[in-house]
Every structure is written in C-alpha cells, then in structure tokens.
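Reader: I am in my first year and still learning to read folds. Could you take me slowly through a single part of this model, the sheet, and tell me what is built around it?

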Amino acid sequence: MQLYNYFRSSASFRVRIALQIKGLPYDYIPVHLLKGEHHAPEYASRVGDALVPLMVTDDGAALSQSMAIIEYLEETHPAPALLPPTPLARARVRALAQMVACEIHPLNNPRVLKYLVRELKVEEDAKNAWYRHWVRNGLEAFERQLALLAQARAAQGLAPSVLCWGDTPTLADCCLVPQIFNGRRFNVNLEGLPLTMGAFDACMALPAFQKAQPSACPDHEA
C-alpha cells in the first residue's frame, strides 16, 4: 500500500496510527500542504478533493478521507480490531471519533485558517483565538462524553476505560491523539480534561502511536 500524506496533517496522522496498530506495511509518500503540492495535477487528478491522505491499495484503488480509509482497513484487516465487538459499543466509539473528525477538526484545518487570514483579513491573534476556542470547546464536549461513557460502563459492570473505550486502541483514539498534537502546537488550554488527557497519555505510551507521530515521519520539519 501507499499513503500520500503530510506529517502535520491530523487526518493523515489518524491513518498512520491505524496502519501501525494493524502492523500493515506501506510506502510513505509525502505531500507538502504548505507548499501546495496537493494541488499539483499529478496528485489532484487522483482524488476529487485534492486533500490528504490518499491511500492506494495493493490492488491500485485510490481511497480518500481518513475515516473511510480506516474503516476500509478495519474491514479488510479486522485484527487487531479498532472497533469493539458489539453494535452499541461500536456506535459509541464512532461517536467519539466523529466528535473530533466532524465537529472539531473541520473548523480548524489549514484551508479554513488560511481563508480567515487571506480572504476575511483576520489578524493572526484573532485566527489563533478562533482555533483555541473551537478546539477547547470540542474537547470539553469530548470530556463530558467520556464521563458519560464511564458511567455507562460502570452500570454494565465493565472496567474503567484506560483509553477512550476500554484498554485497547480504537477509532476514537486514532482521532483524539492527532487533535491533541495540533492543539498543543497552537497552545490550546488542555487543563481540566482528566479523562481526555489520560486517554492521550495512555495512547502515547504505545509503540504504534509513537511510530506514527509527526516527529517520526520522514518529511518531519521542526
């Protein structure tokens, strides 16, 4: 498989985590977003949204959108699983993942921030305030959801979660960790989120997350 991605891209990071958890080898192909390489015809012609990541399967099929890619990997390489065994638990994990991928991240990806600055003439400080507000707001909601899920697990007689759900990485962890990385880059206040940051710290103690992080990527820049 080939993964076209950018080391700082949250969406790319999610897929790298999933690939590492599942122990799947792939060719790492960098696409530098800040240099506009995703708009080059040879890349943009392969994916309708001209974004990263793009995964090319062993059969040559091109797949876009990180969540769809991870679900594809889950279906084609089901072990180790990134979704729990029961429908209810799977729905809860997907909901956590979508809180990040669909609620937090879209407001703060580079093209949105660039539009604020270039088209709406927003000052740098205001742009950063926008970023911090929406990430913090979303993570506070994520924390509340983890607390509700902890109550539900206790009611079912399940052990407390070490990660987002249970003690093995799930789709939710694949989404949370990159968002925390980016939040730290923008100095988002991460205090007062014990369940969220506890899950993050537990993830980062695992080799798969360490190997997938931006500093481990061949195109990493300080």
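**The sheet and its helices**

Author: In this predicted model, 4 strands form an open sheet whose order is 2-1-3-4, with mixed pairing. Strand 2 and strand 4 (62–64) stand at the edges, and because each has a single partner strand, one side of each is left without a neighbour in the sheet. From one strand to the next, the twist averages 20°.

The mixed character can be followed from strand 1. Strand 1 (residues 2–5) pairs with strand 2 (residues 27–30) in the parallel sense, over 4 bridges, and within this pairing Y4 has I29 of strand 2 as its bridge partner. Between these two strands the chain passes through helix 1 (residues 10–22), and the resulting β-α-β crossover is right-handed. With strand 3 (residues 54–56), by contrast, strand 1 pairs in the antiparallel sense, over 3 bridges, and here L3 stands opposite M55 of strand 3. In a regular strand, side chains alternate between the two faces of the sheet.

Two helices can now be added to the picture. Helix 1 packs on the sheet, where it touches strand 1 and strand 2, and its direction makes about 155° with that of strand 1. Helix 3 (residues 66–76) also packs on the sheet, touching strand 3 and strand 4, and the direction of helix 3 makes about 125° with that of strand 4.

Terms used
Residues are numbered from 1 along each chain as its sequence is written. This is a predicted model: local features need pLDDT of at least 70, side-chain atom pairs count only at pLDDT 80 or more; totals for chains, interfaces and linings use all residues. Side-chain values use heavy atoms; hydrogens and water are left out. Two strands pair if DSSP finds at least two bridges between them. A crossover is right-handed if, with the strands pointing away from the viewer, the path from the first strand over the helix to the second runs clockwise. Axes are lines fitted to C-alpha atoms, for helices over the stretch in contact, and angles run from 0 to 180 degrees between N-to-C directions. Contact means heavy atoms within 4.5 Å.
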